[in-house]
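Visitor: I am new to this structure. Please take one part of it and go through that part closely, then place it among some other features.

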Amino acid sequence: MAGIWHDAAAGTWLAEMRSTSYAFSLADDGAALRHLHWGAALPPAALDGLRATAAGGMPGQEAQLSLGRERPDEYVPWGGLRFDEPSLKAEYGDGTRSVEWLVTGHRVTRRGPVSTLHVDLADTVHPLRVTLAYRVYDGFDVLDRWATLRHEGDGPPVLIRQAHSANWWLPLRDSWRLRYLHGGWGAESQLAQAWLTPGKIVLESRRGITSHQLSPWFTLDAGGTATEEDGEVYSGSLAWSGSWKLVFETNPGGRAHACGGVNDFDWAYRLGPGEELVLPRFAGLYTTGGLGAASREWHAWQLAHVLGRGDEAAARGGGRGDEVGRGWMPPSGRTVLDRGDGGDPPLRPVLYNSWEATSFRVSEAGQARLAEVAARLGIECFVMDDGWFGGRDHDRAGLGDWTVSREKFPRGLGPLIEQVNNLGMRFGLWIEPESVNPDSDLYRAHPDWVYHFAGRTRSQHRNQLVLNLARPDVAEWVFATVDRLLSENHIEFLKWDMNRPLSEPGWPAQSGHDPERAWTDHVRNLYAVLDGLRAAHPGVQLESCAGGGGRVDLGILRRVEQAWPSDNTDAWDRVTIQEGFTQAYPPQAMMAWVTDSPNWLTHRELPLSFRFHVAMAGALGVGGDLLRWTGQDLAEAAELIAVYKGIRPVIQRGQLYRLASVLHGPFAASEYVAGDDVVVLAWWGPRQCGVRPGRIRLAGLDAGARYRDAGTGRLNWGAVLMEEGLALPQEPAGTFGSTLVHLVRLGADEAPHR
Ligand code: DGJ
């Protein structure tokens, strides 16, 4: 069982996770918290030795270089002889710009499978209290951390210029390899790597959304030697859907740390008397099981504690929610743990989405025709994408006018929804409520509702501007608009899109407000709106989309069931994108459509089975123009959807082993293991030089058990499958191919030779 212990005599705190531990102690007579350990489980007695080492500082040249002593501050306040990247930079009313504090209290609470430690640090002169939070979860090696800042007085505001969620010290090793995800539109989640050398590396978004370009997730492995199944790996993931920053820094003493949170670029936050700022969570984990184990730990923990669970920190306030009618705030008391923390989230339905088939040309009859075919295939949720509202016949008009187009749907959405429901499917709808086309009734009525600076260009992207969600009245309007849509129509799924980054984040009409807060207030208000909608409409499931995969992170995943990884639906490109996505996030959260061939973006032609096998690696969807599919295509699709439903729990809840990476050549394979079931998916592209493997070695099986191939009935020992491998079909050179193998472990009575 995970837990957090305090040794009052020694002044240490020890967080114990499944097989790892994390420790820190009081230092400098309570004026600092010194990091002690993050890694393999330690017996509590070992902490005394660690404390002595940390108190002794560093020897010789290292000590000189780092100005006398090593200071692995748990949370680095800017002030004194501290030159590490600060966790906190605050400015007080009298012009003081440094922080000196004392630890004033701590408490551990336990609720269900979750234990949380809060440690308070109070400035010795000024009215600022910082509370560091540490949360552990039974059965997991994930440590969730965040900080809360509070103005405890009645004097002038405290100006916060930088405030990180957490600071992670790494143990001394010769070198560290950093792996992270980068990309762009149509090419999200590409793995990159770099070495931590003296100095610092910054990964960030300055776009107001998580971004397609970089993701707030990383791994660090000592010496770059970790493999998929072996080696020390540290990994971190920030729960923030706005501008964020991660810093990786190696100090002069050779000690590396990773820290981050909301981006301080163009950001400042005036904390008024009594006001509290809850910073986003920053989760970390350590494993000796290699890169694959790190991913599996993230996946399992997110299924149990993140996907669609909400966040009690955000529910407690932040933003300006307390200054206006609180209709859009979630009802108090509905916190993360009340939503069944710890259990498996429901399986994702097989979904159809109309975007690639009909674009903006939607109509009741056209969607109904698609729905009829979709239902015959076994689709469970029919989603109508963009184009159903206002004057939205293209991307230049109508965004913001969330009333059903009477030209396209003269009878409203009701009859289509009824038909979809009668066909046995749920109905879902696309919305993009944070943006507006200048050519819309909303913008004509409220030109001041968008971010802008007086007298400056309002930069358009995809012909749209961003609504100033930092404004309580705008956030309230977004809540009311979507709430009405959901109340008036039987909608069970929402795809929440956001097709551009923020720019010109100004709010000129408002005097006396805190202009640089917009970066964080936008996200906090978005979270509050989503939390409020989920509380008011618990039957509605959500997908996060931002012009493809521009908003995928642990913060949004707390409020949605799934995310759209990319607008690039070319199945071969998706193999790479999906490999990157699932480094950090679970297959269950990864929406994947089968679309038409040739692909609209790459013009590549791929077999239907290949497209299905790629999409079956996540939450399966279909996004092609079904009215143009041949009878043979439709029959094959129906068969593959039925196969998927059979293996869905294994894909969506199983353990993922990456058997072969597409980064090493035109061949990739993944294996999913859940109980007695094993599913292997392999995909390959045209052979260049060399040969494609004839077999693939499996992982995570029971060596002494036999497995039956559900397709062929063939039996094989686990040991043989892991040592010699599973035979793969061979296809002529120059073709794309794929395979799906479902193996079932036999019971002891069925395997007499065990
Ligand atoms: C961008 C999304 O990623 C697409 O799937 C589609 O929903 C369009 N927006 C609609 O405008």
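Guide: What follows starts with one sheet and the helices described with it, and then turns to other places in the chain.

The model is predicted, so local features are taken only where pLDDT is at least 70 and side-chain atom pairs only at pLDDT 80 or more, while totals for chains, interfaces and linings use all residues. Residues are numbered from 1 along each chain as its sequence is written, and side-chain values use heavy atoms, with hydrogens and water left out.

The chosen part is an open sheet of six strands, in the order E31-E32-E33-E38-E35-E36, with antiparallel pairing. Strands here are DSSP runs of E with at least two residues, helices are runs of H or I with at least four, and both are numbered from the N terminus. Two strands count as paired if DSSP finds at least two bridges between them. The edges are held by strand E31 (655-660) and strand E36 (715-717); each has a single partner strand, so one side of each is left without a neighbour in the sheet. On average, neighbouring strands of this sheet are turned by 25° against each other, direction ignored. For such angles, axes are lines fitted to C-alpha atoms, for helices over the stretch in contact, and the angles run from 0 to 180 degrees between N-to-C directions.

Within the sheet, strand E32 (residues 667-674) and strand E33 (residues 677-684) run antiparallel and are joined by eight bridges. Ala-674 stands opposite Asp-677 in E33.

Ser-670 also belongs to strand E32. Is Ser-670 buried or exposed? Ser-670 has a relative accessible area of 10% and is therefore buried; buried means under 20% relative accessible area, exposed means over 50%, and partly exposed lies in between (1.4 Å probe, protein chains only). Apart from its neighbours within four places in sequence, Ser-670 is in contact with Leu-656, Tyr-657, Leu-659, Val-679, Val-680, Leu-681 and Trp-683. Contact means heavy atoms within 4.5 Å.

Helix H12 (residues 571-584) lies across E31, E32 and E33 and runs at about 130° to E31. Another helix, H14, covers residues 631-653. At 1.5 Å a residue, the 23 residues of H14 should span 33 Å, and this agrees with its end C-alpha atoms, which are 33 Å apart. The expected span is 1.5 Å times one less than the number of residues. H14 bends by about 60° at Ile-647, and Pro-649, a proline, follows within four residues. The bend at a residue is the angle between axes fitted to the seven residues ending there and the seven starting there. Buried residues of H14 include Leu-634, Ala-637, Leu-640, Ile-641, Tyr-644 and Ile-647.

Next come the cores. The largest nonpolar core has 185 residues, and those touching the most other members are Leu-88, Leu-149, Leu-220, Trp-388, Trp-496, Phe-612 and Leu-626. A second, separate core of 22 residues includes Phe-667, Val-673, Leu-698 and Ala-705. A nonpolar core is a set of buried Ala, Val, Leu, Ile, Met, Phe, Trp, Tyr and Cys residues joined through side-chain atoms within 4.5 Å.

Another open sheet has four strands in the order E1-E2-E3-E4, with antiparallel pairing. Strand E1 (3-7) and strand E4 (32-40) are at its edges, each with a single partner strand, so one side of each lacks a neighbour in the sheet. Neighbouring strands of this sheet are turned by 15° against each other on average, direction ignored. E1 and E2 pair over five bridges, and Trp-5 has Leu-14 in E2 as its bridge partner. Five bridges also join strand E2 (residues 12-16) to strand E3 (residues 20-27), where Ala-23 is the bridge partner of Leu-14. The hairpin of E1 and E2 has four residues between the strands, and Gly-11 in this hairpin takes a positive phi near 65°.

Some backbone details in loops remain. Most residues other than glycine have a negative phi, and most peptide bonds are trans. Ser-211 is not a glycine but has a positive phi of about 100°; Ser-211 lies in the loop between strand E13 (199-205) and strand E14 (214-222) and is buried, with a relative accessible area of 5%. A cis peptide bond, with omega about 0°, joins Ser-597 and Pro-598. Pro-598 is in the loop between strand E29 (591-594) and helix H13 (608-615).
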